[in-house]
Amino acid sequence: MTLRKFNTDLSSASQKIAAGAVPGVESIAKGESEGELVIRYRNQLLHRNRVVPIRALAQNVDEYPDGNTFMLFTEDEDAPELVDRVINRVQDYLFGMRVYEMVTELASHFKATLNGGMGDKTDGVASNDSQGADSPGENNSDDEGEYGQDSSLDDDAFGLATSKPVFQKTSPQSSAERSRIRQRLRRDLRQAKQAGYKVGLFNDIRHTGTQGIISISIRAQKLGLSEEAREAWDVEEDDYIVLLIRFEAYAPVERVVEQASEFTRVQFRIGKCTRYKPLFKEALAAFAESNGHASSPEGAQEEHRAEESTTEDAFRKLFISNSLNQYLNECFVALLKLRAARKCSWDEANVELDSKTKGTYQPPGSSIADPMDLDPSPEDHRILASDHLAQNAPEHGHSLPLVAMEFAMHYFVRCTEYCLCCHQKVDKGFEALRPYVCSKPLCLFQYMAMGFGPNIEHEILTEPYVVDLLVSLCYAALERPTTAYSGSMPTAVSQLSIRELPVGLPMKVPNLFELGKEPLKAFWLKSEDLLTLDTLPPSAMDGRLSIGTWIAFRYPAENTIKHAAVVDFDPSRKSLKIKTIGDSLVTMSPGVYMAGGSWTPQAALNGKDMVHIYFYDTDLDSLSEFQKAATLRHILDTLPPIMDIAAFLTSHPHASVRAMDGISAAAASALQWVVSSNRSCIFQVDSFDDIQQRGQPSEDKPQPPDLANLSKRRKNRAQERIPGMPGWIQFRFAQGSPDKELRFKRALQEVAARKAIHQTPTIFAWHGSSLCNWHSIVRNGLDFNQVANGRAYGNGVYFSPHYQTSVGYAQRSSTVWWPNSALKITTCLSLNEIINAPDEFVSRTPHYVVSQLDWHQCRYLFAQAGWAKETLPAKEDPLAVQQQRFHTQAPGLQIADSSGKAMRIPLAAIPFRHVGAGSEAAQPLSTKRTSVRREEDESAEEEPEDVDFLFSEGESDETRAPPNKKPMAHERPITPASTDTFTDFQPGALDIAQLHTMRPPTFATDMATKALGRELSSLQKVQSRTPIHELGWYMDFDKMENIFHWIVEFHSFDPSLPLAHDMKKVGVTSVVFEVRFGKNFPMAPPFVRVIRPRFLPFMEGGGGHVTAGGAMCMELLTNSGWSPANSMESVFLQVRMALCALEPKPARLEEAVKPPHPGTTTSSYGQHCRSYGVSEAIDAYIRAARTHGWAVPADLHQTANGI
C-alpha cells in the first residue's frame, strides 16, 4: 500500500464520519503534510463542550497500513490534561490500523475515559452537579481494591448482558498505589515463571509497569502432544505456544473477581513462535486484528493489519487461534468469577455460564457432582495437571497471568474434547485428530457459515493443495444439472449435484436473475477501466456505490460476466474507476434466466462500449437453489489461485484471506464455507515439488509461485504414499468426519466381536464416481440416495476390488475444472476401508454392494489432474518404499492396483483404534499424549531486561533472587570493546565529563520521551550488531544521563579523505557531536552541533557542512527539511555523508591547516584541542538557516539551552 491508499482511506473515512459514524468525532481532514490528518473531537463531558483538534501523522506512509503506525498530538495549548492522557494511552495500539480504525480507536478511548471506565474524573471533565453523594459513580476510598458496591453473583458480575454497570471502578492515581500494582504484577509474573512457563515483557509495560503487553509461553515438547497431533495441528516440538495478554490497567485476581467484568480491560491472543516471545511489532500486529470472527457484514470489509515478516520471531496463528481467542476474550473473566464463587472446575463453570446465558440455570449441586474434580490425564506433565486457582492462595494472592495461561493450555491441549463453538464437552466415543463441533444446530451453523471453527488461513498455509481440491470439487458440484430429453423439448432433472448449499451465509452477491428489472447501464472505456453511468437514479444508487464496492457487468448480448472492485467514484461525472478482477461464464440451468431487460446495446461511443451493471447487494439466501448454485460458481470464478493466497499469507502472517487485494467479501465467505464444511482431516501425500514437477500448467496461466516457505511447513509423507499408482495425486484421509468416523468405529467393534475377525477386521475396495459427486461424498460419505448408474446388483453402495472397474465409472464426466486451480482435477477415485463381513453384503460378485452406511470409510482419494498423463510414472523413492510397513490384507479379498497387481497399503491408511487383541493395526496408541521430554534449562535465551523487571530491587520479598543468566552466544555487548583492526578508534575512551556540554533540559513530554526511547532502543541494537569501522559512529549508552541529551562520536573515515589526514595529523580519532532534543520531538528536529575538534570555516576554505560556530548547515535539521518520519540512524548517516563530502569543498580541521596556538604542538593537539561554544553554535545555525531561507524551529533556544 502507498500514499494513494492512505488518501483513499482518508476520503472514505471522512465520508463515514460526516454521516455520524463515529460519535464525538465531528470531522477529519487532510493535514498540511503528506500522511497527516486533523481530527476534530467534541464531547459534552469535556470542559465547555469544547472541540479539540488532534493531529495524526502516519509514521511510514510508504508501508501504510501494514507497516505503519500513527503519532498523535495536539497543538491546542489549552486542551485539558485528559486529552494528553488519552493520546498517550492509545498511541501504542495504532500499529497496522487504517485511518477509520485509528479514529474509531481514539474515539473509543475518549468515551471510556470520559465515562469513567478507564479513569476517574480529572481536569477538563465536566462535573455532574446533580449526582448525589450516594451515586454509584462516586468512590472516595483510597484502599486498593475498593469499589462502589459489593459484588454479587448476578448476571452483571459474570459479564452477561446488562443495561447499566453495577460497579464503578476507581482507577489508582496516586504514585503509591501505582507502585503497589507494579510490585503485584512482578509477583504474579514470578509465580508464572516458577510454575514452569516463560515470561516475556515489552517496552510499554516495562515503562508503565501497569499497562501494556506481556507474553506467557511454553515449549510444545513440554505439552506431551503425540506426533500425530502435532502434525495435524502444525506445531513443531521446538515451537513455543505463546499467550499474549494486553492490559489497559493491570488488575490482580481478587480485583477481577470483585469488580464487574466490563471493568477488567484485558485482551488475549494465542499463537506460536520460535522464541519464547515475539517481537514487539509482532505483538502489536496481533492485537491490531479485530476481535470478531472471520465473517463480516457486506459493505464493511474486514480490516486486517498484516505485519510483513519472515523473521524467526514471527508470531503466527495456531489452527484454533480464532476459536480460542474468541473464548478467552469473551468468557475468561466470567468463568474466572464463577470458579472463584462456586469452587468448581473450568468445565463446570462453562456449563453454568452456558445455562445462565440460555436461561436454563440450575443452582449449584443440582448438576455439578464434584466441584473440584479436574480430571487431569495421568500422563500429563505436572505443568498441565496443575490448577493454580484451585490451590490455596499464596501470601500475595493468585496470579492472573498464570491462571489465564493455565486456562488457555487446558483448552488447547484438550481441544479435541470440546466443541469449537460452545466449548462444551463432546462425545468421547473416539479421539479426534482435530477439534470439531457438537451436534447442536447453532454450533454447526456457526462453524460452517460464520467461520467460528479453525481459521482457513491455517489450512491454506499447511495444506494448500487440499484446499485447491476442496474448491475444485465444490466448483464441479455447482455445475448445472443433467438434462433428460422427452420429445423435442429438454426436461431438466430437479436435483443439483451438490447436496447442501450454504444457508444463512452473510454474503452479498450480484443478482443476475431479476427478470423484468432494467439493469443499470454504463459506457465502459476498456483502456482506462472507466465506467460512465448512463443514468444516476437515487433509487438505483442509494449509497451502494463507494470505494471498495464490488460490481459485476457484462455486454447484454454475451454470457461472460466481468467482476470488478470500485477504486474511485465521482458522482458529479457519474464515473467509476474500476479494477477488473476476473471473468465468469453464464451456463444456463433449469429455472435460471439472465436478467437483461429490453434494452438493445448501441454502437460503441467514442471507444466506449455499453454494458449492464449488477451490484453485489443481494442476499445469497434470497435466491432459488439453482440461482444460488449458479451465483456461487460465478463467485468462485473470481477467487485467486490458492497458491497465490498462500504466498500472500506467508508474507503477511497476521493477515486474513479478506485482506488480500482482489478477493471480494463474497469470494472470501464462499472459501470459508467450502473449507469449514469439510470436517474430515485430509493430508496431501505428494510433496509440493512432486506435484510441480509432474504438472504441466497451460501456457496462458502463470506458473505457481515459489513454494519453498510452504514446503518447510509440511511433514515428509513418503511413508504414506501408496506405490503403483502412476498419474494420480494422492490425498490421505487421516480421519473422516467425526460423526461418521464414530459410527464406523462402533459398527466395527460390534461386527468384530460378533464374527471374531480381529486379525483382519477390514478390507479395502475402490469406488469411482463422477467429479461432481465428490464434494458431497467427502463431507457426508458414500450413500445410495440417488441412482446414477443403475442398481443391477441390489440397493447399496457399489465398490470393486478391481481398479479398472471403478476408474471407468469415475471417468464418466465432462465437468469443467475450476479455472484457477493448480491441480485442474478431472477424475477422482477413492480407496475405501470396509468392515470385513462380505457374507452380509447385498452382493459380493462382481461388485461389493454394501447397504450398511456405517460400514465403510474413505481412506485415500486419488485425483487425476488435467495436465497429468496416465503413462507418467509415479515418482517413488525406492528406499522409502523398502522402509514402509504395509497392511496385511484378508486372504482372498486383496485389492488390485492400476497394473493389476496386489496393492500394497501402508499402515498409515488405517487409523489407530481398538478392535480387540491380535491385530497389528489395532494396537492402542493415543493420538493425543506422549511422554514429556525433559530438556535442559532454557533460561539462557531469556532477555536480561525481562529478568531485571521480574526481580527488580525494592521488593518486599527480597529473599527471591533472579536466576543465573548465561550470556547468549549470539549477543554482543551494547558498548563493545574494540578489537577492530580496521580503525584506531577506541570506544569508551572519551571523557564526557571534560566536555563543554549544555546543561540538562528541565522539560520532558510523553510524546518526546516515547519517541526517544524507541530511537535509543533501535540504535542500541544497530550498534551492538555492526562492526565499529562499518558503523562509523558511536554512542556510550552506559554514560548517558539524560535521554534528551546525546554525545555521539563520528570516526573511522576513509583514509583518503582530507578530514582523515587532518585527524591523524592532530592526533584525534573521532569528531565529537552533541545532539539535543526538544519537547516537540519528533515533530521538531534535534539540534546537532560539533563540540570538538574545530573545523576550518567555509570562508577560509573549509567544508563538510559545518558552520563557523560548529552547528551543522543542513536543511534536514531545520523545520523546512525535517520530517517526523526521519530516524536518528538516518540522521547520523546523513551527517556522516556531509562530513565526507568533497563538494563544494572537503572538510578540514582548523588546527591541521593553521599553525598551532602558542604552547601547543600539533602532535599534542588531541589532548588540548579547542571546543566550540554553545552560543556561537546557536548563532551560526540561525545565520545559515536565514541565508538559505530555511525555517528555524520556534523552540530552538529552549532546546539548545535546555530550559
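**Exercise 1.** In this predicted model, determine whether R859 is buried or exposed, and characterise its salt bridge with E833.

*Solution.* Step 1: R859 has a relative accessibility of 0% and therefore counts as buried, the cut-off for burial being under 20%. Step 2: the side chain of R859 meets that of E833 in a salt bridge, with 2.8 Å from N to O. Step 3: R859 belongs to strand β25 (residues 856-865) and E833 to strand β23 (residues 825-835), so the pair ties together parts that are 26 residues apart in sequence. Step 4: E833, also at 0% relative accessibility, counts as buried.

**Exercise 2.** Describe the surroundings of R732, beginning with the strand in which it is found.

*Solution.* Step 1: R732 is found in strand β20 (residues 729-735). Step 2: its relative accessible area is 8%, so R732 is buried. Step 3: leaving aside residues up to four places away in sequence, R732 touches C681, I682, F683, V685, E720, R859, Y860 and A908.

**Exercise 3.** State how many salt bridges a search of the whole structure finds, then analyse the pairs R55 with E36 and D583 with K562.

*Solution.* Step 1: the search of the whole structure finds 28 salt bridges. Step 2: in the pair of R55 and E36, the closest N and O atoms are 3.0 Å apart. These residues link distant parts of the chain, with R55 in strand β3 (residues 51-58) and E36 in strand β2 (residues 36-42), 19 residues apart. Both R55 and E36 are buried. Step 3: for D583 and K562, the closest N and O atoms are 3.3 Å apart. Since D583 lies in strand β17 (residues 575-585) and K562 in strand β16 (residues 560-570), the pair ties together parts that are 21 residues apart in sequence. D583 counts as partly exposed, at 38% relative accessibility. Step 4: a network of salt bridges links E750, R754, K755, D839 and E840.

**Exercise 4.** Classify the aromatic pairs that Y411 forms with Y327 and with F407.

*Solution.* Step 1: a search of the whole structure finds 33 aromatic pairs. Step 2: Y327 and Y411 lie 5.1 Å apart, centre to centre, with 90° between the planes; planes over 60 degrees apart count as edge-to-face, and the pair is accordingly edge-to-face. Step 3: Y327 is in helix α9 (residues 321-342) and Y411 in helix α12 (residues 400-413), so this pair ties together parts that are 84 residues apart in sequence. Y327 counts as buried at 1% relative accessibility, and Y411 is buried with a relative accessible area of 3%. Step 4: F407 and Y411 form a tilted pair, with 5.0 Å between centres and 55° between the planes. F407 and Y411 are 4 residues apart in helix α12, and are therefore separated by about one helical turn.

**Exercise 5.** Establish the strand order of the open sheet that contains β26 and locate W1033 relative to β27.

*Solution.* Step 1: the open sheet has 4 strands in the order β26-β27-β28-β29, with antiparallel pairing. Step 2: its edge strands are β26 (1033-1034) and β29 (1087-1092), each pairing on one side only. Step 3: β26 pairs with strand β27 (residues 1045-1051) in the antiparallel sense over 2 bridges, and W1033 stands opposite F1050 in β27. Step 4: W1033 and F1050 also belong to a cluster linked by ring pairs, together with W1046, F1073, F1077, F1081, W1122 and F1132.

Notes. Residues numbered from 1 in each chain as written. Predicted model: local features only at pLDDT ≥ 70, side-chain atom pairs only at ≥ 80, totals over all residues. Heavy atoms only, no water. Pairing = 2+ DSSP bridges. Salt bridge = Lys/Arg side-chain N within 4 Å of Asp/Glu carboxyl O. Buried < 20%, exposed > 50% of the residue type's maximum accessible area, 1.4 Å probe, protein only. Contact = heavy atoms within 4.5 Å. Phe/Tyr/Trp six-rings, centres within 6.5 Å; stacked < 30°, edge-to-face > 60°.
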